[in-house]
Amino acid sequence: MTSMTSTTAPPAVPARGRRRGGIRLAGRLTQRWLPFVLLVGVWEAVTRATASPFFPPPSEIVAATGDLWLSGPAHRLFLTDLAMDNLLPSLGRMLLALAGSAVVGIGVGIALGRSERVFAYLNPILQFSRAVPPPTLVPVFIVLFELGTQMQVASIIFSAIWPILLNTADGARSVTPLQMDTAEVFRLSAVDRIRYIIIPSALPKIFAGLRLALSLSLILMVFSELLPGTSNGIGFQLTDAQSRSDMPAMWSVIVLLGVLGYLLNTILLAVEHRVLDRRRPARTNGKVGA
Amino acid sequence: MLEIKDLTHTYADGHVAVRDVNLTVANGELVSIVGPSGCGKSTLLRCIAGLIRPAEGQVILDGRPADGVPEGLAVVFQDYSRSLLPWLSVRDNVALPLKRRGMSKAQRREAATEALESVGLAAAGGKYPWQLSGGMQQRVSIARALAYRPSLLLMDEPFGSVDAQTREDLEDLTLQVRGGNDMTILLVTHDIDESVYVGDRVVVLGASPGHVRADLPVDLPGPRDQISTRELPEFVRLRAEVGRLVRGVTETTATAAK
Ligand SMILES: Nc1ncnc2c1ncn2[C@@H]1O[C@H](COP(=O)(O)OP(=O)(O)O)[C@@H](O)[C@H]1O
Ligand SMILES: [Mg+2]
């Protein structure tokens with residue numbers, strides 16, 4: 001009995017500590033989200049007070065977003081038919097283009113970073129191509145490719161590929177020379193050198209490039225869907241709502257894009273941390289900002 | 001047989017690192033190379049390894065002029081820690097070169113584990129190099145070279161970061177591995193005792209630019225023993241001679257500089 005009281009007594013302190021920790025966490029969350037909540041509150045109050053048809057209150061936008069996009073059956077993750085027919089094709093095109101940009105960008109980037117000859121040949125072309133603002137090429141792609149998916153994917157690739165390619169080249173160039181000497185001495189094959197030395201060395205830079213490419217491809221995804229010849233997609237819904245002067249629907253697309261961008265970026269960051277966390281000393285570069 | 005003929009190397013900045021080096025090493029021989037720091041020991045090893053093309057002269061292996069990295073070569077680099085891959089576990093670092101040896105994954109793993117055991121790192125296989133101390137990293141790079149079973153092994157100050165006891169163990173390991181595998185070894189060291197203890201010959205390099213100052217046969221009975229070999233009058237005589245030669249080199253450079 002006495003032993004029981006003596007063993008139950010001490011945990012009081014850690015429990016209080018835990019509770020205090022919980023409060024601190026809640027406090028930190030409040031701190032982080034407080035400006036956001038305040039902003040939305042002010043926005044709600046102002047839009048309600050002015051009752052402008054162009055600026056529906058956020059509560060109405062959220063309701064419209066839920067209604068239009070997220071009131072479907074549970075087995076489809078609540079996606080409505082509208083979401084299935086527009087959100088998924090948009091995402092599909094974007095991810096396809098991003099994957100294509102990554103494969104080509106990393107491949108050419110490695111060649112560019114490791115071979116002075118390739119660099120000498122390609123650098124002028126690259127500098128020129130990169131300087132062209134990607135949206136200006138969309139009309140060209142409309143002529144070159146079939147309207148719709150082909151043109152849209154091409155437009156996204158043309159803007160997303162540069163940060164991946166140039167960052168990869170930069171990363172591949174900065175491989176520790178002694179690691180390449182080691183590969184040389186032990187006669188590692190070209191594939192093994194790329195797989196075990198060059199790509200791991202360049203990985204922090206590659207991820208930095210991917211993050212830039214992600215936001216660019218989101219922009220180009222919407223932009224390419226605003227143009228004629230589009231029959232579905234998030235951008236198409238935006239022009240469609242505009243032609244109907246449906247302000248809540250227009251705003252809901254914008255909210256949806258914000259959420260989408262945030263989610264995709266969060267997923268990419270999580271993958272990046274998972275991959276790079278195993279190698280503490282090498283990850284200091286390229287890890288800034290998100 | 002490894003022959004180095006009239007080897008001269010000048011770096012891009014015009015600095016002559018080694019000049020007119022001639023050296024012949026028989027198969028299975030262990031040659032220690034000593035000399036003051038900056039006299040071109042690493043440069044010499046890199047020329048033999050085919051990592052730098054000498055400005056003049058030749059490296060000849062078994063009668064054929066070497067072009068690039070010779071077959072069956074392993075190197076323990078002076079900058080051992082930067083030669084390890086930080087994103088691979090210690091065991092994978094040791095096993096990676098074995099891919100070119102036609103071994104299966106299981107065989108590579110086994111060979112790596114064995115080599116790590118031999119350098120006293122049996123427990124570190126699953127760790128990453130950056131989780132180990134400098135001396136342990138140095139032993140990983142030795143294990144990587146040994147697991148490869150090279151016919152020519154170049155070691156650049158391979159025991160510099162380990163404690164005295166481990167150092168003696170590694171010296172004996174080197175002798176033992178050499179004996180069992182008919183391996184030719186060039187071992188650069190700045191420890192005069194070590195150069196005599198492990199070497200069949202001691203080559204003393206002089207500085208500015210690097211050249212062979214002396215080439216002394218070591219006439220000590222094998223197998224060598226850390227305590228009794230170091231007591232032998234011949235050992236004591238040789239270490240004094242090598243010491244004088246190394247010091248003499250620095251004295252001449254000192255007077256030349258004045
Ligand atoms: N890449 C390089 N470029 C120019 N000079 C170098 C280079 N590497 C080494 N040296 C010079 O060459 C000389 C020999 O260097 P090194 O072979 O590393 O000597 P050791 O290994 O005997 O200390 C030194 O004077 C060094 O400064
Ligand atoms: Mg050196």
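## A pocket in chain A and a magnesium site in chain B

Three helices of chain A, α2 (12-50), α3 (58-69) and α11 (247-276), each supply at least two residues of the lining of the largest pocket. Keep in mind that this is a predicted model.

Let's stay with that pocket for a moment. About 410 Å³ of space lies in it. Which helix gives the most to the lining? That's α2(A), with five residues. Among the lining residues are Trp33(A), Phe36(A), Pro58(A), Ile61(A), Val255(A) and Tyr262(A). Sorted by class, the lining has eleven nonpolar residues, one polar and no charged ones. Gly258(A) is also part of the lining.

Now over to chain B and its metal. Which residues are the protein donors of the magnesium ion (ligand 2)? They are Ser42(B), through OG, and Gln78(B), through OE1, lying 2.0 to 2.2 Å from the ion. Ser42(B) sits in helix α1 (residues 41-49) of chain B, while Gln78(B) sits in the loop between β6 (73-76) and α2 (80-83), so the pair ties together parts that are 36 residues apart in sequence.

Another chain B residue to look up is Ser104(B), in the loop between α3 (90-95) and α4 (105-118). From Ser104(B) to Asp219(B) you'd count 115 residues in sequence and 42 Å in space, C-alpha to C-alpha.

Here is how three of these chain B residues fare for exposure:

| Residue | Relative accessibility | Class |
|---|---|---|
| Ser42(B) | 24% | partly exposed |
| Gln78(B) | 38% | partly exposed |
| Ser104(B) | 35% | partly exposed |

Terms used:
Residues numbered from 1 in each chain as written. Chains lettered and ligands numbered in written order. Predicted model: local features only at pLDDT ≥ 70, side-chain atom pairs only at ≥ 80, totals over all residues. Heavy atoms only, no water. Helix = DSSP H or I, 4+ residues; strand = E, 2+ residues; numbered from the N terminus. Buried < 20%, exposed > 50% of the residue type's maximum accessible area, 1.4 Å probe, protein only. Donors = N, O, S within 2.8 Å, 3.2 Å for Na, K, Ca; no water. 1 Å grid on protein atoms, 1.4 Å probe; cavity = no way out; pocket = protein on both sides within 12 Å on 5 of 7 lines; lining within 4 Å. Points joined across faces, edges and corners; volume = space filled by probe spheres on them. Nonpolar A, V, L, I, M, F, W, Y, C, P; charged D, E, K, R; others polar.
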